[in-house]
Amino acid sequence: ILTTAAVSIERCHHVSRRSHAFNHPFLENNPIQYLPLAFIASASIAMNIPFFFNTTLCDDGSITLSAFGQAPGYTVFLWIRLITIKFVPLLLVVIVNSILIVLIIRSNLKSQTSSEVERTKIRISAMLVSISAVYVSCHVMEPFTYSAIYGVINGADQVHNEAHMTLMAITNILELFSMTCNFVFYCIFYKPFQATLGHMFKRCSSQTSTNGLGEA
């Protein structure tokens, strides 16, 4: 979500400047521009380490919160993580992509005969908006499956019951679905991806036909 938010801001910045997206890459030969990616990677690692220690396996095979998972400090961490890593970035993605949609519409209305670079920039921005929309829709429920947060909302005795585990399974399926949709959007909006994919399938088909003739 942090990466999606960062790319959304980058797209919005370039479209608002009406600059050529490929002449101003997100990562140029300036080491300072790598800092956002380094921050995203570090934050992702740091914010997920506690999840390795929040549950324990009982003798009967059931899962329960560990002493660490029941500590007040862990609950505070979950709420901080929920706000800073989930709600704020999701809200930022919604706001920035809404602005991006308005900018794309205005750009299309102002320039009826745009260049190929301009049309490519608009296609990439539309692809990002589509990816972001599906991402937000499929991830908005996931934070509420956290054990401590689910316990606050539904009661501590309801954590890891059948309803909770079912909700976790549904949110995991939705997350996987949103990632799968990325491939579809790449195929729809990005012509170089279409060309590479078509070439790959043609080569695989050619190799299969050659192997079949050899076996015959």
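**Exercise 1. Determine whether Cys138 is buried or exposed, and what that implies about a disulfide with Cys181.**

Step 1. Cys138 has a relative accessible area of 7%, so Cys138 is buried. The cut-offs are under 20% for buried, over 50% for exposed, and partly exposed in between, with a 1.4 Å probe and protein chains only.

Step 2. Check the sulfur distance. The closest cysteine sulfur to that of Cys138 belongs to Cys181, at 6.5 Å, which is too far for a bond. A disulfide requires a pair of cysteine sulfur atoms within 2.5 Å. Cys181 is therefore in no disulfide.

Step 3. Check the partner's cover. Cys181 has 12% relative accessibility and so counts as buried.

Step 4. Count. The rule gives zero disulfides.

Before going on, note the ground rules. This is a predicted model, where local features need pLDDT of at least 70 and side-chain atom pairs count only at pLDDT 80 or more, while totals for chains, interfaces and linings use all residues. Residues are numbered from 1 along each chain as its sequence is written, and side-chain values use heavy atoms, with hydrogens and water left out.

**Exercise 2. Describe the architecture of the protein chain from the N terminus on.**

Step 1. Count the elements. There are eight helices and two strands. Both are DSSP runs numbered from the N terminus: helices are H or I with at least four residues, strands are E with at least two.

Step 2. Order them. The elements run α-α-β-β-α-α-α-α-α-α.

Step 3. Look at burial and surface. Of the 216 residues, 34% count as buried. The chain exposes about 13300 Å², and carbon and sulfur atoms supply 68% of that area. The areas come from the Shrake-Rupley method with a 1.4 Å probe; for residues, only the protein chains shown count as cover.

Step 4. Look at contact range. Among contacts between residues at least 6 apart in sequence, 64% join residues at least 24 apart. Contact means heavy atoms within 4.5 Å.

**Exercise 3. Compare the record with the model over residues 126-153 and 173-193.**

Step 1. Read the record. An unreviewed UniProt entry annotates "transmembrane region" at residues 34-53, 78-105, 126-153 and 173-193. Such annotations may be inferred rather than shown by experiment.

Step 2. Take residues 126-153. The chain there is 75% helix and 0% strand, with the end C-alpha atoms 37 Å apart.

Step 3. Take residues 173-193. Here the chain is 95% helix and 0% strand, and the end C-alpha atoms are 26 Å apart.

**Exercise 4. Characterise Glu142, Phe144 and helix α6.**

Step 1. Place Glu142. This residue lies in the loop between α5 (116-139) and α6. Its relative accessibility is 12%, so Glu142 counts as buried.

Step 2. List its contacts. Leaving aside neighbours within four places in sequence, Glu142 touches Lys86, Thr171 and Glu175.

Step 3. Search for aromatic pairs. The whole structure holds five. Rings of Phe, Tyr and Trp (its six-membered ring) pair if their centres lie within 6.5 Å; planes under 30 degrees apart are stacked, over 60 edge-to-face, the rest tilted. Phe87 and Phe144 form a tilted pair, 5.8 Å centre to centre with 50° between the planes. Phe87 lies in helix α4 (residues 72-110) and Phe144 in the loop between α5 and α6, so the pair ties together parts 57 residues apart in sequence.

Step 4. Check their cover. Phe87 is partly exposed at 33%, and Phe144 is partly exposed at 28%.

Step 5. Finish with α6 (residues 147-154). Its buried residues are Ser147, Ala148, Ile149, Tyr150 and Gly151. Just after α6, Gly155 takes a positive phi of about 105°.
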